[in-house]
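Student: Could you give me a close look at one part of this structure, with the side-chain contacts spelled out? I work at the bench, so plain language would suit me well.

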Amino acid sequence: MYSIVEHEVLAPRVHRLRVQAPVVAEKAKPGQFVILIIDEKGERVPFTISDWDSKAGTVDFVFIEVGKTTQQLATLQAGDQLLSFIGPLGRPAEVGSYGHVVSVLSGYGIAAMVPILKALKDHGNTLTTIVQAPDRDRLFGQKPLEELSDTLILAVGTQGDGMIESTTAAMRKLLYQHPKRRIDRVIAMCSLCLMRVLSEMTRPYAIKTMVHLTPVMVDGTGMCGACRLSVGRTNRFACVHGPEFDGHEVDGWEVLMARRCTYADESILQQGFQCRGCSQW
């Protein structure tokens, strides 16, 4: 059993859990994920690690209430226990000295990208971060992003206060300045739809664009086949060979998004939410 050390509500329907998991904390690297099971009747669900403390033996992850399991997780408090907490899984994110790196974040990615940004900063990169949220109330995790980013752009609607309308508008402005203000790499941890659009936006400029395909994962071990995709015309599984891939090499985004929505929790659709794979949030 794995004890919950802390539960913080970051925004409406957005939660951060800190779990006592020393083995995972000791080996975790930026971009990896865990698979947890709440109880004997629970399903296996993947969550990207947003922070860890190897000395304290704790691991953090952020989730949004969208279906049965995440709604159940939202009811757990410090002292409650999880049946299973396996990880770290997946390949760590590519990190190196690239120059100017632009990251695009939404939903769980706002927190999950922080370890990657820390590693990129340690390698001396200049960081521009674009954050998308439906509105100010659902914008969270701003402080660490401000501390790590040389430029932080908030895409939170047309509400003034220096905000920009959308992530694509922000990216378009940055690309307009390229190569005078050179962009060396783009990293996206957001919805599948947005990652696909960003990959096509950067393709003409030959800017390497890394996308995190955690939203298509189900089982997390490569056994269920739900996250199967074609990368450079070669079959890959997001949970085993990723979750980070070169967006320009991902083939068949339409098939990928359709398959993701096939596995959407029925309760999500009944509540009127979009499939997690295509929702901007």
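Tutor: Happy to. One term comes up at once: a polar contact is a pair of N or O atoms within 3.5 Å, and within protein one of them must be able to donate a hydrogen and the other to accept it. Please also keep in mind that this is a predicted model.

Let's try the term on serine 149 before we turn to the main part. Serine 149 lies in the loop that connects helix H5 (142-148) with strand E10 (151-155). Is this residue buried or exposed? Its relative accessibility is 10%, so serine 149 counts as buried, since the cut-off for buried is under 20%. The side chain of serine 149 makes a polar contact of 2.7 Å with the side chain of threonine 129. A polar atom of the serine 149 side chain also lies 2.7 Å from the backbone oxygen of leucine 145. If we set aside neighbours within four places in sequence, serine 149 touches Leu127 and Thr129. Isoleucine 130 is 19 residues away from serine 149 in sequence, with 9.7 Å between the two C-alpha atoms.

Now for the part I'd like to examine closely: strand E2. It covers residues 14-20, and five of these seven residues are buried, so the rest of the structure largely encloses the strand. What surrounds it?

Begin with strand E1 (residues 2-11), which runs antiparallel to E2 and is joined to it by six bridges. One bridge to find on your screen is that of isoleucine 4, whose partner in E2 is valine 19. Strands of a sheet pair through backbone hydrogen bonds, in either a parallel or an antiparallel sense. E1 and E2 form a hairpin with two residues between the strands, and arginine 13 there adopts a positive phi near 70 degrees.

Strand E5 (residues 58-64) is also an antiparallel partner of E2, with seven bridges between them. Within this pairing, histidine 15 stands opposite phenylalanine 63 of E5.

Which residue of E2 shows this setting well? I'd choose arginine 16, which belongs to strand E2. Arginine 16 is buried, because its relative accessible area is 10% and the limit is 20%. The side chains of arginine 16 and aspartate 60 are joined by a polar contact of 3.1 Å. Beyond the neighbours within four places in sequence, arginine 16 contacts Glu6, His7, Glu8 and Leu10, as well as Asp60, Phe61 and Val62.

Phe61 leads us on to the aromatic rings. A pair of aromatic rings is described by the distance of the centres and the angle of the planes. The model has five aromatic pairs. One of them is formed by phenylalanine 61 and phenylalanine 85, a tilted pair with 6.2 Å from centre to centre and 35 degrees between the planes. This pair links distant parts of the chain, for phenylalanine 61 is in strand E5 and phenylalanine 85, 24 residues away, is in strand E7 (residues 84-89). Phenylalanine 61 has a relative accessible area of 0% and is therefore buried. Phenylalanine 85 comes to 2% relative accessibility, so it too counts as buried. Both rings belong to one aromatic cluster that also includes Tyr2, Phe47 and Phe63. You have met Phe63 already, as the residue opposite histidine 15.

To place this part in the whole, let's step back to the chain. The protein chain has ten helices and 16 strands. Of its 281 residues, 54% count as buried. Among contacts with a separation of 6 or more, 65% are between residues 24 or more positions apart. The chain exposes about 12,500 Å², and carbon and sulfur atoms supply 49% of that area.

For contrast, try the open sheet of three antiparallel strands in the order E14-E13-E16. Its edge strands, E14 (234-237) and E16 (250-251), each pair on one side only.

Technical notes: Residues numbered from 1 in each chain as written. Predicted model: local features only at pLDDT ≥ 70, side-chain atom pairs only at ≥ 80, totals over all residues. Heavy atoms only, no water. Buried < 20%, exposed > 50% of the residue type's maximum accessible area, 1.4 Å probe, protein only. Helix = DSSP H or I, 4+ residues; strand = E, 2+ residues; numbered from the N terminus. Pairing = 2+ DSSP bridges. Contact = heavy atoms within 4.5 Å. Areas by Shrake-Rupley, 256 points an atom, 1.4 Å probe, with all protein chains shown as cover. Phe/Tyr/Trp six-rings, centres within 6.5 Å; stacked < 30°, edge-to-face > 60°.
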